[in-house]
Amino acid sequence: TNFDDVRGFVRPASLDAGKAEIVPGPWSPYDDELLFVDEVSRAPAAQQNRWLQLIHERLVDGLPTRLRWVIAAMNPPSVDGTFPLGLATVDRFHAVLELDEFGTLDAALQISIAAGLVASTEARVDLGEHLAKIRARADLIAADPARRFLLARVTIAALEAFRRAGGPFAPQGRRAVFLTELLASLVAALEVEYGAEAPHLLGDYLDAWINAGLTALG
């Protein structure tokens, strides 16, 4: 709940020189690529506002970081000691997922979760190596103006489909940027996994994505 734990602290001696020098704390994410914020809903509105630049621009009070991903977890507002996320905070995440309450799950699934069996399957590939290949491919896509332009056109078409559905999802310019980046990552993953077949598979993925979204809105 204290953003200074994330930002770090000003070295007092640096103020004499006229430039505030930040000393990173143990939770400062300047050299990290992924930041996981647990219990984000315990931060009141004033503290949430300080997270906005970090979530969207990967900056901490204007200071650069190496962050590529920011993930957060929260409890429902009905839980004591929590605050609802403001619309500005929600809008800066790619997506907000609502998970079923444990007590509402199928009994067999509850037992599997309690026994730790759900995550016990052996990985088919080395995850770190696989993600490194996808990230390298995504960087190539990001550096290719023609491919970025094509993905942007696909993004606009998808957002227009959601907009015409007239549901509660109101696409904004920031989400257009998010979705273009998400599509680039999806294309990169498909190319690493399937090679030349990736362009054909992308269409299937997009059809399923848009149809599922429109069904949920409907």
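The exercises below, each with a worked solution, concern a predicted model of a protein chain.

**Exercise 1.** State how many helices and strands the protein chain has, and what part of it is buried.

Solution. The secondary structure comes to 9 helices and 6 strands. Of the 218 residues, 27% count as buried. The exposed surface is about 14,300 Å², with carbon and sulfur atoms supplying 59% of it. Among contacts between residues at least 6 apart in sequence, 63% join residues at least 24 apart.

**Exercise 2.** Determine which side chains of strand β3 are buried, and describe how β3 pairs with β6.

Solution. Start with the general pattern: side chains in a regular strand alternate between the two faces of the sheet. Strand β3 covers residues 34-37. Leu35 and Val37 point to one face and are buried, while Leu34 and Phe36 point to the other and are not. Next, take the partner strand: β3 pairs with β6 (residues 69-72) in the parallel sense, over 4 bridges. In this pairing, leucine 35 stands opposite valine 70 of β6.

**Exercise 3.** Find the residues of the largest nonpolar core that touch the most other members, and the elements that contribute to this core.

Solution. The core has 14 residues, and those touching the most other members are Phe3, Leu35, Trp51 and Leu54. Two or more residues come from each of β3 and α3 (45-57). The largest share, 3 residues, is that of α3. Now follow tryptophan 51: leaving aside neighbours within four places in sequence, tryptophan 51 is in contact with Phe3, Val6, Leu35 and Val37. Apart from this core lies another, of 12 residues, including Ile141, Leu183, Ala184 and Leu206.

**Exercise 4.** Compare the reach of helix α6 with the expected value, then explain how its buried residues are placed around the axis.

Solution. Helix α6 spans residues 127-142, 16 residues in total. From first C-alpha to last it reaches 22 Å, close to the 22 Å expected at 1.5 Å a residue. Its buried residues are His130, Ile134, Ala138 and Ile141. These residues lie on the same side of α6 because they cover an arc of only 70° around the axis. One of them, Ile141, also belongs to the 12-residue core.

**Exercise 5.** Locate glutamate 39 and aspartate 61, and give the phi and accessibility of each.

Solution. Glutamate 39 is in the loop between β3 and α3. Its phi is near 55°, a positive value in a residue other than glycine. With a relative accessible area of 30%, glutamate 39 is partly exposed. Aspartate 61 is in the loop between β4 (59-60) and β5 (63-64). Although not a glycine, aspartate 61 has a positive phi of about 50°. Aspartate 61 counts as partly exposed at 40% relative accessibility.

Note on methods: Residues are numbered from 1 along each chain as its sequence is written. This is a predicted model: local features need pLDDT of at least 70, side-chain atom pairs count only at pLDDT 80 or more; totals for chains, interfaces and linings use all residues. Side-chain values use heavy atoms; hydrogens and water are left out. The expected span of a helix is 1.5 Å times one less than its number of residues. Buried means under 20% relative accessible area, exposed over 50%, partly exposed in between (1.4 Å probe, protein chains only). The arc is that of the directions from the helix axis to the C-beta atoms. Two strands pair if DSSP finds at least two bridges between them. A nonpolar core is a set of buried Ala, Val, Leu, Ile, Met, Phe, Trp, Tyr and Cys residues joined through side-chain atoms within 4.5 Å. Contact means heavy atoms within 4.5 Å. Accessible areas come from the Shrake-Rupley method with a 1.4 Å probe; for residues, only the protein chains shown count as cover.
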